Amino acid sequence: MAKHHIAFTVNGDPVEALCETQQTLLDVLRDELELTGTKEGCGTGDCGACSVLVDGRLVCSCLMLGIEASGKSVETIEGMGRGEELHPLQRKFLEHAALQCGICTPGFLVAAKSLLDRNPDPTETEVRYWLAGNLCRCTGYDKIVRAVMDAAAEMRRA
Amino acid sequence: MRYESPETLEAAVALLASEAGEARVLAGGTDLLVQLKTDVVEPQLLVDVKRIGELREVRREAGGYRIGAAVTGAELKEHPELKSVWPGVIEAANLIGSTQIQGRATLGGNLCNGSPAADSVPALIAAGARATAVGPGGRRDIAVEDIVLGPRRLSLGRGEIVASFLLPPRPPRAADAYLRFIPRTEMDIAVVGAGVSLTLDGSGGIADARVALGAVAARPLLVPEAGKALIGSTLDGKTLSRLEEAVRAACQPIDDKRGTREFRIKVAGVMTRRAAQKAYERARSR
């Protein structure tokens, strides 16, 4: 079976890749495009470590075939900061020590940014529900939630 | 494994019907990709139906709503009218998985995955939704309760695809609700699910009622006796007892690590009573 030739954009840049049918978008990002910021946790859509945006919609990249991304706009953790300048969410995660091992962090950041893009002033409950599909086994979540709330407050003042 | 993403239903049906080996429809993929990864299914052909316009739209039809089978949970939630007209259907669809899963998961996929515990299915059955299926023999309408026969077994023929669902016109004082029991607050599979849809008469009595259950039998169940128990009442204590009795009599659950048989039967009554009360309050406030 010949490989599929797929073309889409990642963080605004056009990319092309060859992939097998069963390769997920996560596989294509990491193994074909060498964008390893997006992490594989469970591989079954339970943990959210592989969260990316596809056409503006938050999804698990492990639950989508690479070929399904053809013609779409994909946003990953690599597009979050601007050069050396961290996104406010990234800065607040550091300030609040909202990470330890770091495997879940890119997924949390992508998911949290997608929430704040839609709702700049979420309640703590809204943050917790929105992020319920992102699992962290280190922090106990409180520091992550505080970092998101603080980043939201800062971004509203900006 | 081949992948095709046709733009018409006719092309999709032709691909599925002509595949000699196993073929699977790919909608949101939130169940199918996990099954592929764990070799539960090993199809030769995947037919991605998300480029077929008819499966991706929500529109008014015959006084009701026609919902494409590949519309996602997130899109349903954002629809300006659906949540107020069919709150039970939408809350059920939105219980499926996380924000990330909602971005992909579809009503058609939740139904055709064939799980007895699918959250949106009892709500669709209670709502009286009819599915339109398209196959090599043409189009037909099927009541949603007649589609799942057992775990992973459907009444659809070879090459037949569920294209959309029709939610019927809603009288002015009518509402629905869906509740499920899970041992945590989020991200779990129903141990029991209960959908109730009610229509009230001018004086607040229940004129029509449909009750459906999930996860308490080999397939999602319509329970006509439970609906009958509600009709003519204003949801008084005696009526609720009769409702619970009818629901418990219909349950034929398995015993597993998520809940014993006895527990599921008891909780099915409780969940249905609460769903009926929620639907009744919603209908009365209209």
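Contact here means heavy atoms within 4.5 Å. Axes are lines fitted to C-alpha atoms, for helices over the stretch in contact, and angles run from 0 to 180 degrees between N-to-C directions. Helices (H or I, at least four residues) and strands (E, at least two) are DSSP runs, numbered from the N terminus.

With that settled, helix α1 (residues 9–18) of chain B lies across β6, β7 and β10 (161–167) of chain B, and runs at about 135 degrees to β10(B).

A quick word on the ground rules. This is a predicted model, where local features need pLDDT of at least 70, side-chain atom pairs count only at pLDDT 80 or more, and totals for chains, interfaces and linings use all residues. Residues are numbered from 1 along each chain as its sequence is written, chains are lettered from A and ligands numbered from 1 in the order in which they are written, and side-chain values use heavy atoms, with hydrogens and water left out.

**The sheet in chain B**

The sheet under that helix is an open one of five strands, in the order β4-β5-β10-β6-β7 (chain B), and its pairing is antiparallel. Two strands count as paired if DSSP finds at least two bridges between them. At the edges sit β4 and β7 (138–143) of chain B, each pairing on one side only. From one strand to the next, the twist averages 25 degrees.

Strand β6 (residues 130–135) of chain B pairs with β7(B) in the antiparallel sense over six bridges, and G135(B) stands opposite G138(B). Over at the other edge, four bridges join β4 (residues 58–61) of chain B to β5 (residues 64–68) of chain B, again antiparallel. Here R59(B) faces R66(B) in β5(B). The hairpin of β4(B) and β5(B) has two residues between the strands, and A62(B) takes a positive phi near 50 degrees there.

Two loop residues of chain B also have positive phi, although neither D39(B) nor M187(B) is a glycine:

| Residue | Phi | Loop in chain B |
|---|---|---|
| D39(B) | about 60 degrees | between α2 and β3 |
| M187(B) | about 55 degrees | between β11 (174–181) and β12 (192–200) |

**The sheet in chain A**

Chain A has an open sheet of five strands too, in the order β2-β1-β5-β3-β4, with mixed pairing. Its edges are β2 (13–19) and β4 (57–60) of chain A; each has a single partner strand, so one side of each is left without a neighbour in the sheet. Neighbouring strands are turned by 40 degrees against each other on average, direction ignored.

Within the sheet, β3 (residues 51–54) and β5 (residues 73–75) of chain A pair in the antiparallel sense over two bridges, with E75(A) in β5(A) as the bridge partner of L53(A). Helix α3 (residues 105–118) of chain A packs on the sheet and touches β3 and β4 of chain A, its direction making about 40 degrees with that of β3(A).

**Where the chains meet**

The contact takes 25 residues from chain B and 28 residues from chain A. Together the chains bury about 2,100 Å², 62% of it on carbon and sulfur atoms; buried area is the accessible area (1.4 Å probe) that two parts lose on being put together, summed over both.

Four salt bridges run between chain B and chain A, a salt bridge being a side-chain nitrogen of Lys or Arg within 4 Å of a carboxyl oxygen of Asp or Glu. One of them joins R104(B) to E68(A), with the closest N and O atoms 2.7 Å apart. On chain B, the elements giving two or more residues to the side that touches chain A are β1 (2–4), α2 (32–37), β3 (45–48), α3 (73–78) and α6 (99–102).
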